[in-house]
Amino acid sequence: MNPVPARNGDREAAAHAVRDVIELLEVLWNKGRDITTTAPVSSSQLRVLYVLHGAQGINLRTLGEVLGSAPSSVSRMCDRLHALGFIERSLSSASRRELELRLSGKGESYLKELRARRESALLEVISGMTRTDRAALEKGLSGFRAAVEETSPRSEPAAGDAVETA
């Protein structure tokens, strides 16, 4: 979409900057583990919740494709999330042989609370930035998000959610 091709040095600098930010976010999450912990779910299970938040009613096969995971792994993750009460399974209206997966009320609440805790931690940091830097951050992240969505091999239902959670 950018009419002027980026030079390699620009792309490398941007990639390093994004990597550094991701590492800083990991440190931020770990530093305030009591505030931003994802317990009782793993990061892989959290991805399942994000996908289901954006695509209620998908089946295991589609979920596996979005996650890039083997069906057996997806099934085990969903078993654990179901046992926690975070997801619900129901027979598909399209095929009696398929199950549809949805976030439960408890799963929705969990994601809402996790996002609120993470946003609070981020707001603490962002409040130290100038208005100009905040605007540049928002613009840059919007461009990054658009590029991720454009280069995704398939349209992932929860792509936007992934960005919101950072």
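This briefing describes the fold, two of the helices, the salt bridges and some surface features of the protein shown above. The model is predicted, and every value given here is computed from it. The protein has eight helices and two strands, and from the N terminus on these elements follow the order α-α-α-α-α-β-β-α-α-α.

**Overall architecture**

- Of the 166 residues of the protein, 28% count as buried.
- Among the contacts with a separation of 6 or more, 58% are made by residues 24 or more positions apart along the chain.
- The accessible surface of the protein amounts to about 11,000 Å², and carbon and sulfur atoms contribute 56% of that surface.

**Helix H6**

- Helix H6 covers residues 105-126, and its 22 residues should span 32 Å at 1.5 Å a residue, which agrees with the 31 Å that separate its end C-alpha atoms.
- The buried residues of H6 are Gly107, Tyr110, Leu111, Leu114, Arg115, Arg118, Ala121 and Leu122, a list in which two arginines stand beside residues such as Leu111 and Leu114.
- Seen down the axis of H6, these buried residues fall within an arc of 125°, so they line one face of the helix.
- An α-helix has 3.6 residues a turn, so residues three or four places apart point the same way.
- On the face of H6 that is turned away from the buried side, the exposed residues are Lys112 and Glu124.

**Helix H5 and its surroundings**

- Helix H5, residues 71-84, has 14 residues and reaches 20 Å from its first C-alpha to its last, close to the 20 Å expected at 1.5 Å a residue.
- Its buried residues are Val74, Met77, Cys78 and Leu81.
- Viewed along the axis of H5, the buried residues lie within an arc of 100°, so they line one face of the helix.
- The partners against which the buried residues of H5 pack are helix H3 (43-54), helix H4, strand E1 (87-91) and strand E2 (99-103), a set that includes both helices and strands.
- Just after H5 comes glycine 85, which takes a positive phi of about 85°.

**Salt bridges**

- The structure holds six salt bridges, and several of them are described in the points that follow.
- Arginine 19 and aspartate 20 meet through their side chains in a salt bridge with an N to O distance of 2.9 Å, and Arg19, Asp20 and Glu23 are linked in a network of salt bridges.
- Both residues of that pair are partly exposed, with a relative accessible area of 33% for aspartate 20 and a relative accessibility of 38% for arginine 19.
- Glutamate 65 forms a salt bridge with arginine 61, in which the closest N and O atoms are 3.6 Å apart.
- Arginine 61 and glutamate 65 both lie in helix H4 (residues 60-67), where they are four residues apart, about one turn of the helix, and glutamate 65 counts as partly exposed at 45% relative accessibility.
- In helix H7 (residues 131-151), arginine 145 and glutamate 149 are separated by about one helical turn because they are four residues apart, and their side chains meet in a salt bridge at 3.3 Å, N to O.
- Within this H7 pair, glutamate 149 is partly exposed with a relative accessible area of 39%, and arginine 145 is also partly exposed, at 29% relative accessibility.

**Nonpolar surface patch**

- Leu137, Leu141, Phe144 and Val148 form a nonpolar patch on the surface, and together they have about 320 Å² of accessible area.
- One member of this patch, leucine 137, is found in helix H7 and counts as partly exposed at 33% relative accessibility.

**Leucine 91 in strand E1**

- Leucine 91 is found in strand E1, and with a relative accessible area of 59% leucine 91 is exposed, because exposed here means over 50%.
- When residues up to four places away in sequence are not counted, leucine 91 touches Arg96, Glu98, Leu99 and Glu100.
- Leucine 91 and leucine 101 are ten residues apart along the chain, and their C-alpha atoms are separated by 9.0 Å.

Conventions
Residues numbered from 1 in each chain as written. Predicted model: local features only at pLDDT ≥ 70, side-chain atom pairs only at ≥ 80, totals over all residues. Heavy atoms only, no water. Expected span 1.5 Å × (residues − 1). Buried < 20%, exposed > 50% of the residue type's maximum accessible area, 1.4 Å probe, protein only. Arc of directions from axis to C-beta. Salt bridge = Lys/Arg side-chain N within 4 Å of Asp/Glu carboxyl O. Contact = heavy atoms within 4.5 Å. Patch = residues over 30% accessible without salt bridge, like charges linked within 9 Å, V, L, I, M, F, W, Y side chains within 5 Å. Areas by Shrake-Rupley, 256 points an atom, 1.4 Å probe, with all protein chains shown as cover.
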